[in-house]
Amino acid sequence: MTPLMLGLAVSASLAVLIVIGVPVAFALGGVAIGLLVWHEGLAGLMPAADALVSSLEDFTLVSVPLFILMGVAASLSPAGGDMREMIKRWLHKMPGGLVVANICASTLFSALSSTGAATCLAVGREGLPELRERRYSDAAATGALAAAATLGILIPPSLTMIVYGIAGDFSIARLFVAGLLPGLALTLLFVLWAFVAARRWKGRFGGFARGYTRGEMMMLVPRAVPFIVLVAAVIYAFWSGIASPPEVAAVAAVACIIFVAVLYGMWRERDLVAILRESTRESVAVLIIIAAAALFDFALVRLGIPDTVAVAIADLRLPPFGLIALLNVLLFVAGLFLPPVAIILVLLPIILPLLLATGFDPYWFGVVMTLNFQIALLTPPVGANLHVVRHLAPDIRTGTIVRGALPYIFLIVAEIVLLCVIPEIATWLPDQLMGPAP
Amino acid sequence: MNALIRTVTAISRFFAGIAAAMVATSLVLVCQMVVMEYALGVPAPWPSEIVSYLMMGVAFFGTPYVFATGGHVAIGLFTHRPGRIRGAIVVLVSLGFAMAFTVTGVALLAKAVSEGWKADDAAWMALWIPYLSFPLGAALLALQCLAELAAIVSGRESTAGDAADAAGFPD
């Protein structure tokens, strides 16, 4: 069997295992073990164990649980709901204002959370019931919520960018800064769409229960200010380079825990235990996928699959934008079956040499890739945000959520195209603040 | 059968508690690094090395419990009750993964002990201590898979999720 055929067979068996319900980490690990034993016998397992263990021996990796801790502390508190309520009151005269408030609150909350799921949970917990109560159609309500929450992985801090930075040895701070403008641009596109759709299809978008006085509009601002200051401080720490990502993550996590304790009374033992428990649960899931993906990658390299696939793609002699289009399709297909963290570790050894040889900026590509992962969070069967929305509203079918999210998926695709045409959207800010890319 | 699954899940839960303590310890250690470096001006390299070994412990000690009971967005291993044949395939693949790394983990541990591996910056720490989490976590995962397999073969439904609920860890 040629390495290329083997690569296809490996992809197919991985997809089958995941679809029948094998957890992603064990599917990656199981296929890797099968490959190694088939190729090298049981002796191949010992270096594999080394690869698995050493994939976790990286200090920067501690940013993952610490940023998760910050996001979980904020998402278990009413902070996300308060941000949504505050923005909702400001927008009470706007058509589709409730949906727009959800989108804007998701953007703001994304700067506290490093995952799409935490953002979705924090904003949707109260946002979704209110949208349904105010007669928004299920598709309009859930689609916007699931899609806006994907901004959690584009707007810094972002878990996928941390893993991309570690895997490719890129500056995580620079990646975070690169995601900032595209994140705000995407928010703007989402808001514009929601506004236009609300005017065009009035029947699918309800209204507000009542108007709000100026006092009511300002009432929740004091509660949001500490979090906005925290977000600004985190972003400043990244671009100024005063501290490393783990250090920023630790200080931000402690600050966030203090804020929720003081503002929302979450200082009791059971509150702190709940924050730690949920953070551990999410961190373990991510860390074991990182380890299993490193193992999978190790097995592929031993069989020479990444090089063969990279050469096969290079032999197509595609023009630069043809290559980017092909990589985007590859990322989209992988996103149907694998979570973003696994895709980065599995595909980067194939993709990165091609990108660098073609002269693309890896920071720009980090943003394009993350936009692709945002689509992955919205596509079944593994789209994490779909699962969170189903958790919040079990009576709504996955198909309805995907139908509602479709316009937003098209907007994400539009932004990918826009970034290909004007790469400066991602590269200008880091170039201005941090100098040219090394 | 239920008692077996409950016992295994309780052990996994205990190790998940250790994983949580390791997350908290990492937070404290990194904060201590920040204070030492920025407030006192005396950076110490050893906490960063300890923290990276703690990440290993978090992943390996936490995995059996988190995957047995399903995270809030993760696809749960035993809580989706996907039917006997599909369930058996899911458990067997996971069991293969766990068994392979229990054996190689013990071999790695033995090598670390016999060759006297030490950490670099935190040279006072023998490396077998962090490496212990690897075979232990894998063995516990294998045990969880075996208990589940026994439940599937005997035609009973998994109670891992129920055991977790009873222990106050709802999905």
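**Salt bridges and a nonpolar surface patch**

A:Arg268 comes out as partly exposed, at 37% relative accessibility. In this predicted model, the side chain of A:Arg268 pairs up with that of A:Asp271 in a salt bridge, at 3.6 Å from N to O. The partner sits on the other side of the cut-off: A:Asp271 has a relative accessible area of 14% and is therefore buried, since buried means under 20%. Elsewhere, salt bridges with shared partners tie A:Arg84, A:Glu85, A:Lys88, A:Arg89 and A:Glu130 into one network.

Within that network, A:Arg84 and A:Glu85 form a salt bridge whose closest N and O atoms lie 3.8 Å apart. Both ends of this pair are tucked away: A:Arg84 is buried, with just 2% relative accessible area, and A:Glu85 is buried at 15%. The pair A:Arg132 and A:Asp138 gives another picture. Their side chains meet in a salt bridge at 3.3 Å, N to O, with A:Arg132 partly exposed at 28% relative accessibility and A:Asp138 partly exposed at 30%. Over all chains, the search of the whole structure turns up 11 salt bridges, including the pairs A:Arg268–A:Asp271, A:Arg84–A:Glu85 and A:Arg132–A:Asp138.

Turning from charges to nonpolar side chains, the surface carries a patch made up of A:Val413, A:Val417, A:Leu418, A:Val421 and A:Ile422. Together these residues offer about 400 Å² of accessible area. One of them, A:Leu418, belongs to helix 20 of chain A, which covers residues 398-421. A:Leu418 counts as partly exposed because its relative accessibility is 37%, and partly exposed residues fall between the buried limit of 20% and the exposed limit of 50%.

Methods. Residues numbered from 1 in each chain as written. Chains lettered and ligands numbered in written order. Predicted model: local features only at pLDDT ≥ 70, side-chain atom pairs only at ≥ 80, totals over all residues. Heavy atoms only, no water. Patch = residues over 30% accessible without salt bridge, like charges linked within 9 Å, V, L, I, M, F, W, Y side chains within 5 Å. Areas by Shrake-Rupley, 256 points an atom, 1.4 Å probe, with all protein chains shown as cover. Salt bridge = Lys/Arg side-chain N within 4 Å of Asp/Glu carboxyl O. Helix = DSSP H or I, 4+ residues; strand = E, 2+ residues; numbered from the N terminus. Buried < 20%, exposed > 50% of the residue type's maximum accessible area, 1.4 Å probe, protein only.
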